[in-house]
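Grab a coffee and work through a few short exercises on charged pairs and ring pairs. Each one has a task and a worked solution.

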Amino acid sequence: MSENAFVMEVTVGTFDAVVIEASRSTPVLVDFWAGWCQPCQMLMPILDKLAKEYQGKFRVAKVDTDAEQELALRFGVRSLPTVKLFVDGELVDGFMGVQPESAIRRILDQWVPRESDEARTEASRLIAAGDSPRAISVLEATSAADPDNPRVKPDLLRALIDAEAFDRAARLLADLPMNERLEAPYTDLGVELRVRQRASGAGEVDADTLKLAIERDPADLEKRLELAAKLTVAGEHREALEQYLEVTKRNRGFQEDAGRKGLVELFQLLGDANPLVTEYRRRMAALLY
């Protein structure tokens with residue numbers, strides 16, 4: 001086995017301490033392997049090389065699945081090699097089979113700490129103190145200095161959205177490569193940006209005023225969309241979903257199916273595990289089909 005100080009063997013008895021707890025301070029990449037597995041033998045030197053190169057920014061924990069079948073069962077390992085990455089005590093990423101070094105490096109770079117992360121911490125402090133302009137400046141400078149840190153641009157985009165700098169946020173999103181734009185966290189941030197833009201487009205009119213306008217004219221679908229956006233920003237998600245559903249019910253073609261699109265966007269923001277998503281997805285399906 002490797003003499004690399006950043007590679008260790010783990011058993012069912014040591015796994016929680018060496019992997020789960022240790023990952024709260026340093027990412028841990030768990031390699032499920034077996035001695036008879038040729039692809040496992042091909043992957044080992046790649047992981048060993050990366051562990052040495054990163055010098056403790058992450059660690060490799062090796063699990064011999066022949067000896068540690070309980071661990072393989074616990075983590076649903078069905079083929080070898082299987083690699084799982086733990087950060088902050090949680091399983092966050094992984095892959096199966098032999099992957100090129102460049103692909104493994106991309107996964108690691110999503111999670112291993114970098115010097116520029118200190119600037120992210122400073123930006124978070126500034127935002128908490130109410131100084132969003134300085135926080136945005138810090139993040140913009142950090143993004144320029146370390147463009148390979150995959151955590152900086154999402155932080156910057158989120159800060160711009162929160163500061164209602166929507167045009168700058170939209171430009172940042174548009175300048176991303178298409179493959180990045182279509183992946184998390186940018187997909188969710190893109191939805192949030194569009195919702196916040198719609199809420200802002202309603203001007204200073206508050207939700208109560210919009211509700212009164214809708215009571216006077218229930219067919220005013222524009223007002224319903226504006227109200228749904230403001231309710232979403234305010235965290236009143238059930239009420240927002242009701243408005244989007246009503247728009248869909250009254251006129252499916254209004255603003256190029258804006259009611260259904262609003263429902264789908266809010267489903268994405270809330271996540272599949274949210275019971276509201278289950279309820280309103282069923283109601284939308286009943287309405288449309």
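**Exercise 1. Two rings.** Are phenylalanine 32 and phenylalanine 75 buried or exposed?

*Solution.* Keep in mind that this is a predicted model. Buried means under 20% relative accessible area. Phenylalanine 32 falls in that class, and so does phenylalanine 75.

**Exercise 2. Ring geometry.** Work out how these rings pair up, and where the partners sit.

*Solution.* Step one: a search of the whole structure turns up five aromatic pairs. One of them is phenylalanine 32 with phenylalanine 75, with 6.1 Å centre to centre and 50 degrees between the planes, a tilted pair. Phenylalanine 32 belongs to strand S2 (residues 28-33), while phenylalanine 75 is in the loop between helix H3 (69-74) and strand S4 (82-87), so this pair links parts of the chain 43 residues apart.

Step two: try phenylalanine 75 with phenylalanine 86. Their ring centres are 5.6 Å apart and the planes meet at 85 degrees; planes over 60 degrees apart count as edge-to-face, so that is the label here. Phenylalanine 75 is in the loop between H3 and S4 and phenylalanine 86 is in strand S4, so the pair ties together parts eleven residues apart in sequence. Both of these residues, phenylalanine 75 and phenylalanine 86, are buried.

Step three: put the pairs together. Ring pairs join Phe15, Phe32, Phe75 and Phe86 into a cluster.

**Exercise 3. A bridge between helices.** Find what the salt bridge between glutamate 53 and arginine 105 ties together.

*Solution.* First the contact: the two side chains meet at 2.6 Å, N to O. Now the addresses: glutamate 53 is in helix H2 (residues 38-54) and arginine 105 in helix H4 (residues 101-109), so the bridge ties together parts 52 residues apart in sequence. Last, accessibility: glutamate 53 is partly exposed at 44%, and arginine 105 is partly exposed too, at 22%.

**Exercise 4. Sort the partners.** Which of arginine 194 and glutamate 265 counts as buried?

*Solution.* Their side chains form a salt bridge at 2.8 Å, N to O. Arginine 194 is in helix H10 (residues 186-201) and glutamate 265 in helix H14 (residues 258-270), 71 residues apart. At 36% relative accessibility, arginine 194 is partly exposed. Glutamate 265 has 13%, so it counts as buried.

**Exercise 5. The wider count.** How many salt bridges are there?

*Solution.* The count is 27. Among them is lysine 223 with aspartate 220, at 3.8 Å, N to O; lysine 223 is partly exposed at 27%. Salt bridges also link Asp117, Arg120, Arg151, Asp155 and Arg158 in a network.

How values were computed
Residues are numbered from 1 along each chain as its sequence is written. This is a predicted model: local features need pLDDT of at least 70, side-chain atom pairs count only at pLDDT 80 or more; totals for chains, interfaces and linings use all residues. Side-chain values use heavy atoms; hydrogens and water are left out. A salt bridge is a side-chain nitrogen of Lys or Arg within 4 Å of a carboxyl oxygen of Asp or Glu. Helices (H or I, at least four residues) and strands (E, at least two) are DSSP runs, numbered from the N terminus. Buried means under 20% relative accessible area, exposed over 50%, partly exposed in between (1.4 Å probe, protein chains only). Rings of Phe, Tyr and Trp (its six-membered ring) pair if their centres lie within 6.5 Å; planes under 30 degrees apart count as stacked, over 60 as edge-to-face and the rest as tilted.
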